[in-house]
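Visitor: I would like to understand how the labels on a structure like this one are earned. Could you walk me through the reasoning?

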Amino acid sequence: QLQLVESGGGLVQPGGSLRLSCAASGFTLDTYAIGWFRQAPGKEREGISCIGNYNTFYADSVKGRFTTSTDNAKNTVYLQMNTLKPEDTAIYYCAARSAYFCTIDGPSYESWGQGTQVTVSS
């Protein structure tokens with residue numbers, strides 16, 4: 001059974017950093033792509049980044065500030081978020097799909113984590 005568990009969210013001041021973790025179980029990351037999504041109150045879900053064996057992608061809204069990486073030994077994907085802004089406030093989700101290429105097309109993902117809240121505020 002595929003399972004994803006996010007952690008690392010919290011309250012941070014503007015300009016600060018957080019690192020989110022997405023721990024996978026029931027499958028290994030070497031044959032799956034992981035996407036990062038977020039949803040702010042009253043807004044649609046937004047795909048912000050993804051990582052696969054052959055590609056990595058960042059949406060314009062986070063490019064240059066966020067970095068996605070994989071630790072295969074820990075079967076965990078990380079989202080390092082720097083220079084955070086109030087508009088980054090949202091619930092952040094990771095999702096998995098059986099593919100070598102990643103995408104930020106949410107419906108193409110098979111399994112989702114429960115989400116972790118990120119709040120950027122002074």
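Visitor: Which pattern do the disulfides of the protein follow, with bonded cysteines counted along the chain?
Guide: Happy to start there: this is a predicted model, and its disulfides follow the pattern 1-3, 2-4. The count comes to two disulfides.

Visitor: What makes C22 and C94 a disulfide?
Guide: Their sulfur atoms lie 2.1 Å apart. A disulfide needs the sulfur atoms within 2.5 Å, so the pair qualifies. C22 sits in strand β3 and C94 in strand β9, 72 residues apart. Both C22 and C94 are buried.

Visitor: Why is the disulfide of C22 and C94 called right-handed?
Guide: Because the torsion about its S-S bond is about 80 degrees.

Visitor: And what makes C50 and C102 a disulfide?
Guide: The same test applies: the sulfur atoms of C50 and C102 are 2.1 Å apart, and the cut-off is 2.5 Å. With C50 in strand β5 and C102 in the loop between β9 and β10, this disulfide ties together parts that are 52 residues apart in sequence. The torsion about the S-S bond is about 60 degrees, so this disulfide is right-handed.

Visitor: How do you know that β3 and β8 pair?
Guide: Pairing asks for at least two bridges, and six join β3 to β8, running antiparallel. In one of them, C22 has V77 of β8 as its partner.

Visitor: Do strands β2 and β11 run parallel or antiparallel?
Guide: Parallel, joined by three bridges, so they meet the minimum of two for a pair. L11 is the bridge partner of T119 in β11.

Key: Residues are numbered from 1 along each chain as its sequence is written. This is a predicted model: local features need pLDDT of at least 70, side-chain atom pairs count only at pLDDT 80 or more; totals for chains, interfaces and linings use all residues. Side-chain values use heavy atoms; hydrogens and water are left out. Helices (H or I, at least four residues) and strands (E, at least two) are DSSP runs, numbered from the N terminus. Buried means under 20% relative accessible area, exposed over 50%, partly exposed in between (1.4 Å probe, protein chains only).
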